[in-house]
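Here are my comments on the model you sent. Please read them with the structure open.

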Amino acid sequence: MPQIPRLIAKILAPETLAPLIVAASLFLLCGIFNILYVMLHSPEEFMAVTSRIGPVPSRSYQNFIELAISLVGYLMIVAGYYLLYTGSGKIRGEAVKLSVAMGLTLIIIGSLLVIALYAQKSGG
């Protein structure tokens with residue numbers, strides 16, 4: 001019995017809870033991206049599918065892949081910013097350079113992934 005409060009305290013610790021909150025918010029952000037796109041480009045379809053599923057307005061395979069691509073892009077951006085944040089605390093110069101380079105690379109590639117998905121969906 002004393003293990004359950006210890007497990008709950010471990011889950012509610014900031015080291016465990018913060019990544020879970022970031023992952024959940026990114027998932028919702030990806031779903032909102034898809035919902036806003038459907039609302040803008042085909043409102044009649046949006047009204048028809050809103051009641052069926054939560055963060056993804058359509059159950060099609062293409063829509064799920066778009067959700068996964070945007071989630072990966074946003075995760076890469078968050079990971080890049082985290083690497084930049086933690087890289088400032090490094091002592092050795094080589095570790096700082098590597099952390100900054102990896103962080104910037106992740107931010108750029110993640111941003112390009114999300115921008116490319118938006119350009120593909122909007123036809124621009």
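1. Lysine 121 deserves a look. Its relative accessible area is 13%, and the cut-off for buried is under 20%. Lysine 121 therefore counts as buried. This lysine belongs to helix α5. Its C-alpha atom is 10.0 Å from that of histidine 41. Along the chain, lysine 121 and histidine 41 are 80 residues apart.

2. A word on confidence. This is a predicted model. The mean pLDDT of the protein is 76. A value of 70 or more is reached by 80% of its residues. Helix α5, residues 93-122, has the highest confidence, with a mean of 85. Confidence is lowest in helix α3, residues 43-49, where the mean is 65. Please keep that split in mind when reading the points on individual residues.

3. The overall layout is simple to state. The protein has 5 helices and 0 strands. In sequence order the pattern is α-α-α-α-α. Take the contacts between residues at least 6 apart in sequence: 62% of them join residues at least 24 apart.

4. How much of the protein is buried? Of the 124 residues, 24% are buried. The exposed area is about 8,700 Å². Carbon and sulfur atoms supply 74% of that area.

5. Now the interior. Which residues make up the largest nonpolar core? There are 6: Leu26, Cys30, Leu67, Tyr74, Ile77 and Val114. Two helices, α2 (14-41) and α4 (61-87), each supply at least two residues of this core. Helix α4 gives the most, with 3 residues.

6. Cysteine 30 is one member of that core. Setting aside residues up to four places away in sequence, cysteine 30 touches Leu67, Ser70, Leu71 and Tyr74. Of these partners, Leu67 and Tyr74 are also listed in the core.

7. Serine 70 is worth tracing from there. It lies in helix α4. Is serine 70 buried or exposed? Its relative accessibility is 1%, so serine 70 counts as buried. Leaving aside neighbours within four places in sequence, serine 70 is in contact with Cys30, Val114 and Leu117. Cys30 and Val114 both appear in the largest nonpolar core.

8. Leucine 84 is another residue of helix α4. With a relative accessibility of 26%, leucine 84 counts as partly exposed. The cut-offs explain why: buried means under 20%, and exposed means over 50%. Which residues does leucine 84 touch, not counting those up to four places away in sequence? They are Val100, Gly103, Leu104 and Ile107. The C-alpha atoms of leucine 84 and serine 99 are separated by 6.5 Å. These two residues are 15 apart along the chain.

9. Finally, the surface. Ile4, Leu7, Ile8, Ile11, Leu12 and Leu20 make a nonpolar surface patch of about 570 Å². Which helix gives the largest share of the patch? Helix α1, residues 3-11, supplies 4 of the patch residues. Leucine 7, a member of the patch, is found in helix α1.

10. To recap for a second reading. Start with lysine 121, which is buried in the model. Then follow cysteine 30 to serine 70, one of its contacts. Compare serine 70, buried, with leucine 84, partly exposed. End at the nonpolar patch, where helix α1 has the largest share. Treat helix α3 with care on the page, as confidence there is lowest.

Methods. Residues are numbered from 1 along each chain as its sequence is written. This is a predicted model: local features need pLDDT of at least 70, side-chain atom pairs count only at pLDDT 80 or more; totals for chains, interfaces and linings use all residues. Side-chain values use heavy atoms; hydrogens and water are left out. A nonpolar core is a set of buried Ala, Val, Leu, Ile, Met, Phe, Trp, Tyr and Cys residues joined through side-chain atoms within 4.5 Å. Buried means under 20% relative accessible area, exposed over 50%, partly exposed in between (1.4 Å probe, protein chains only). Contact means heavy atoms within 4.5 Å. Accessible areas come from the Shrake-Rupley method with a 1.4 Å probe; for residues, only the protein chains shown count as cover. Patches are made of residues with over 30% relative accessible area and no salt bridge: like charges are joined within 9 Å, nonpolar side chains (Val, Leu, Ile, Met, Phe, Trp, Tyr) within 5 Å. A salt bridge is a side-chain nitrogen of Lys or Arg within 4 Å of a carboxyl oxygen of Asp or Glu. pLDDT is the predictor's confidence in each residue, from 0 to 100.
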